[in-house]
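The report below describes a single protein chain for a reader at the bench. It takes up one hairpin and then turns to the wider fold, the links across the chain and the interior.

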Amino acid sequence: MRTISVIASVAALAAALLLTSCDDAGDAKTTQDKADKADTAAGAGCAAELAVRFGPANAAPAAGDTGNVPVTVTNRGDAPCTVEGLPGMELVAGDTTAAVPAAEAASGGRATFAKGASLAFTLTYVRGEEGAETSLAARTATVRLPGAEKTHSFKWAYGDIALKSDGSTPDASVTGFQQSTD
């Protein structure tokens with residue numbers, strides 16, 4: 001009986017040593033705690049816990065008008081989530097994918113989502129003339145959050161998007177994260 005309890009004690013000690021490591025300050029931390037902190041700081045681990053809702057839009061009614069589509073992001077995880085950078089968005093029209101640039105005033109700093117809280121960003125676009133060569137007939141909008149591997153795709157139902165003078169860049173922009181009224 002004594003041999004079994006000694007073996008169990010040695011096994012427990014070995015497991016405890018495997019689960020701990022030291023950070024730069026020499027404090028004992030679990031390997032998982034360090035990984036969670038690194039993922040949270042980079043937005044890699046917690047970004048998967050963020051839910052994305054596209055719209056409803058203040059759609060541009062006619063060619064040349066400006067419309068806005070809010071994108072609400074909610075933390076569904078059990079802890080606060082911090083991401084760094086701007087959200088990315090692409091508009092897809094058949095075989096053509098066009099990246100939406102960041103708004104000139106967009107800030108790409110850190111955004112912290114408290115547990116259960118929402119932040120939002122906005123896609124602003126100029127409606128194009130339907131079927132014109134100077135327009136993108138988008139059918140899908142794809143959102144990528146900073147640090148996330150997964151994208152979120154949504155049906156685009158707000159008409160063609162005007163293209164800038166280069167003929168390939170959408171006349172649209174994406175803001176950084178802002179307080180949500182949700």
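## A hairpin and its surroundings

In the hairpin formed by β6 and β7, where 2 residues lie between the strands, Gly-94 adopts a positive phi near 60°. The model is a predicted one, and every value given here is computed from it. The two strands of this hairpin, β6 (residues 88-93) and β7 (residues 96-100), pair in the antiparallel sense over 5 bridges, and within this pairing Leu-91 stands opposite Ala-98 of β7.

Residues of this region also meet Thr-142, whose place is in strand β11 (residues 140-144). Leaving out residues up to four places away in sequence, Thr-142 touches Gly-88, Met-89, Glu-90 and Val-92, and also Thr-151, His-152 and Ser-153. With Ser-153 there is in addition a polar contact of 3.5 Å between the side chains. Thr-142 counts as buried because its relative accessibility is 13%, which is under the 20% that sets the limit.

## The chain as a whole

The secondary structure comes to 2 helices and 15 strands, and of the 182 residues of the chain 35% count as buried. Among contacts with a separation of 6 or more, residues 24 or more positions apart account for 71%. One local feature of the backbone is the peptide bond from Gly-55 to Pro-56, which is cis, with omega near 0°; Pro-56 lies in the loop between β3 and β4 (66-75).

## The disulfide

The count of disulfides comes to 1, and this bond joins Cys-46 to Cys-81 with an S to S distance of 2.0 Å. The link of Cys-46 and Cys-81 is right-handed, with 65° about the S-S bond. It connects distant parts of the chain, since Cys-46 sits in the loop between α2 (31-42) and β3 (50-54) while Cys-81 belongs to strand β5 (residues 81-84), 35 residues apart. The table sets out the accessibility of the two cysteines.

| Residue | Relative accessible area | Class |
|---|---|---|
| Cys-46 | 10% | buried |
| Cys-81 | 0% | buried |

## The nonpolar core and its rings

In soluble globular proteins, nonpolar side chains tend to be buried together. Here the largest nonpolar core has 36 residues, of which Phe-54, Met-89, Phe-113, Phe-121, Leu-145, Trp-156 and Phe-177 touch the most other members. Strand β9 (residues 118-126) gives the most to this core, with 4 residues. Leu-145, leaving aside its neighbours within four places in sequence, is in contact with Leu-50, Val-52, Val-73, Phe-121, His-152 and Phe-177.

The aromatic pairs number 6. One of them, formed by Phe-113 and Phe-177, is edge-to-face, at 5.4 Å centre to centre and with 85° between the planes. Because Phe-113 lies in strand β8 (residues 110-113) and Phe-177 in the loop between β14 (172-174) and β15 (178-179), this pair ties together parts that are 64 residues apart in sequence. Both Phe-113 and Phe-177 are buried. Elsewhere, ring pairs link Phe-54, Tyr-125, Phe-154, Trp-156 and Tyr-158 into a cluster.

Definitions and conventions: Residues numbered from 1 in each chain as written. Predicted model: local features only at pLDDT ≥ 70, side-chain atom pairs only at ≥ 80, totals over all residues. Heavy atoms only, no water. Disulfide = S-S within 2.5 Å. Buried < 20%, exposed > 50% of the residue type's maximum accessible area, 1.4 Å probe, protein only. Polar contact = N/O pair within 3.5 Å; in protein donor to acceptor, adjacent residues only side chain to side chain. Contact = heavy atoms within 4.5 Å. Core = buried A, V, L, I, M, F, W, Y, C linked by side-chain atoms within 4.5 Å. Phe/Tyr/Trp six-rings, centres within 6.5 Å; stacked < 30°, edge-to-face > 60°. Pairing = 2+ DSSP bridges.
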